[in-house]
Amino acid sequence: MFRPDGILMDERFEIAERAAGQSPARAEMARVPQMRRCATTMLRYHGLMPMSDEVALVIGELVGNAIVHNHRGPLVTVQLRVAGRRLIVAVGTSKASGRPVLRQPGPDAEHGRGLRLVDGIAQGRGGRWGVDAAGEGVTVWCSLPLDGAPG
């Protein structure tokens with residue numbers, strides 16, 4: 001079982017700076033499933049497997065957004081930590097290209113639903129999510145009750 005108030009996962013990787021609108025490299029996008037697998041493994045190890053599907057979706061969306069929407073590079077951080085009776089998922093960038101916002105995409109839009117998914121998971125489990133900016137960086141976090149109860 002996990003230690004109360006402990007870090008379960010703390011990963012960091014670099015992404016290349018690129019022109020606005022330019023797609024990230026495949027190797028960078030490969031970090032998305034890698035971080036999902038890492039999170040699932042850590043949750044299993046710490047006895048939190050019942051949360052793993054939802055946490056993997058949150059990690060996938062937040063890491064994907066950090067890579068796709070941040071063209072300034074260079075560092076992305078991914079952290080899972082227990083704080084009291086909550087699991088905190090946090091994905092940050094050292095240089096943000098903008099502040100993430102919840103969008104209302106049209107029915108034919110190909111993008112813009114990621115934070116809606118995070119919002120739905122957070123609300124469905126009695127949690128919440130938000131965005132913190134510090135210096136040039138930004139961190140998007142999601143806080144979920146360990147037992148699914150509001151808190």
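A nonpolar core is a set of buried Ala, Val, Leu, Ile, Met, Phe, Trp, Tyr and Cys residues joined through side-chain atoms within 4.5 Å. Keep that in mind for the middle of this tour; what you have open is a predicted model.

**Stop 1: the sheet**

Start by switching to a cartoon view and picking out the strands. Five of them make an open sheet, ordered β1-β2-β3-β5-β4, with antiparallel pairing. Now colour β1 and β4: these two stand at the edges with a single partner strand each, so one side of each has no neighbour in the sheet. From one strand to the next, the twist averages 15°.

**Stop 2: strand by strand**

Walk across from the β1 edge. β1 and β2 run antiparallel and are joined by seven bridges. Select Met9 here, and you'll find Leu80 of β2 opposite.

Next door, β2 and β3 are an antiparallel pair with eight bridges. Show Val78 and look across to β3, where Val91 stands opposite. Then follow the chain round the hairpin of these two strands: there are two residues between them, and Gly84 takes a positive phi near 65°.

Carry on to β3 and β5, which also pair in the antiparallel sense, over eight bridges. Arg86 is a handy marker, as Pro145 in β5 stands opposite it.

The last pair is β4 with β5, antiparallel over seven bridges. Click on Val131 and you'll see Val140 of β5 facing it. This pair is a hairpin too, with two residues between the strands, and Gly135 in the turn has a positive phi of about 60°.

**Stop 3: the helix on the sheet**

Add α3 to your selection. This helix packs on the sheet and touches β1, β2, β3 and β5. Line α3 up with β3 and compare directions: the angle is about 15°.

**Stop 4: the core**

Time to turn on side chains. In soluble globular proteins, nonpolar side chains tend to be buried together. Which residues touch the most other members of the largest nonpolar core? Select Val55, Ile59, Val63, Val78 and Leu80, out of 36 residues in that core. The elements giving two or more residues to the core are β1 (7-14), α2 (31-45), α3 (52-68), β2 (75-83), β3 (86-93), α4 (114-124), β4 (128-134) and β5 (137-145). α3 supplies the largest share, seven residues.

Zoom in on Ile59. Skipping neighbours within four places in sequence, its contacts are Met35, Arg36, Ala39, Gly64, Val78, Leu80 and Val89.

Now hop to Cys142, in strand β5. Is Cys142 buried or exposed? Its relative accessibility is 0%, so Cys142 counts as buried. Beyond neighbours within four places in sequence, Cys142 is in contact with Val58, Leu87, Ile88, Val89, Val118, Ala122, Arg128 and Trp129. For a sense of scale, draw a C-alpha to C-alpha distance from Cys142 to Thr77: they are 65 residues apart in sequence and 14 Å apart in space.

**Stop 5: the pocket**

Switch to a surface view. The largest pocket has a volume of about 710 Å³. To find its centre, select Glu61, Gly64, Asn65, Ala66 and His69, the closest to it of the 32 lining residues. α2, α3, β3, α4 and β5 each give two or more residues to the lining. Of these, α3 gives the most, with eight residues.

**Stop 6: the loops**

Go back to the cartoon and find Pro74, in the loop between α3 and β2. Look at the bond leading into it: the peptide bond from Gly73 to Pro74 is cis, with omega near -25°.

Then head for the loop between β3 and α4, which holds Leu102. Leu102 is partly exposed, at 35% relative accessible area. Leaving out neighbours within four places in sequence, Leu102 is in contact with Leu115, Arg116, Asp119 and Trp129. From Leu102 to Leu80, the C-alpha distance is 22 Å, with the two 22 residues apart in sequence.

Finish at Gly106, found in the loop between β3 and α4. Gly106 is partly exposed, with a relative accessible area of 33%. For one last distance, pick the C-alpha atoms of Gly106 and Val76: they are separated by 29 Å and lie 30 residues apart along the chain.

Key: Residues are numbered from 1 along each chain as its sequence is written. This is a predicted model: local features need pLDDT of at least 70, side-chain atom pairs count only at pLDDT 80 or more; totals for chains, interfaces and linings use all residues. Side-chain values use heavy atoms; hydrogens and water are left out. Buried means under 20% relative accessible area, exposed over 50%, partly exposed in between (1.4 Å probe, protein chains only). Helices (H or I, at least four residues) and strands (E, at least two) are DSSP runs, numbered from the N terminus. Contact means heavy atoms within 4.5 Å. Two strands pair if DSSP finds at least two bridges between them. Axes are lines fitted to C-alpha atoms, for helices over the stretch in contact, and angles run from 0 to 180 degrees between N-to-C directions. On a 1 Å grid over the protein atoms alone, a cavity is a set of points where a 1.4 Å probe fits but cannot get out, and a pocket is an open set with protein on both sides within 12 Å along at least five of seven lines; lining residues have an atom within 4 Å of a point. Grid points are joined across faces, edges and corners, and a volume is the space filled by probe spheres set on the points.
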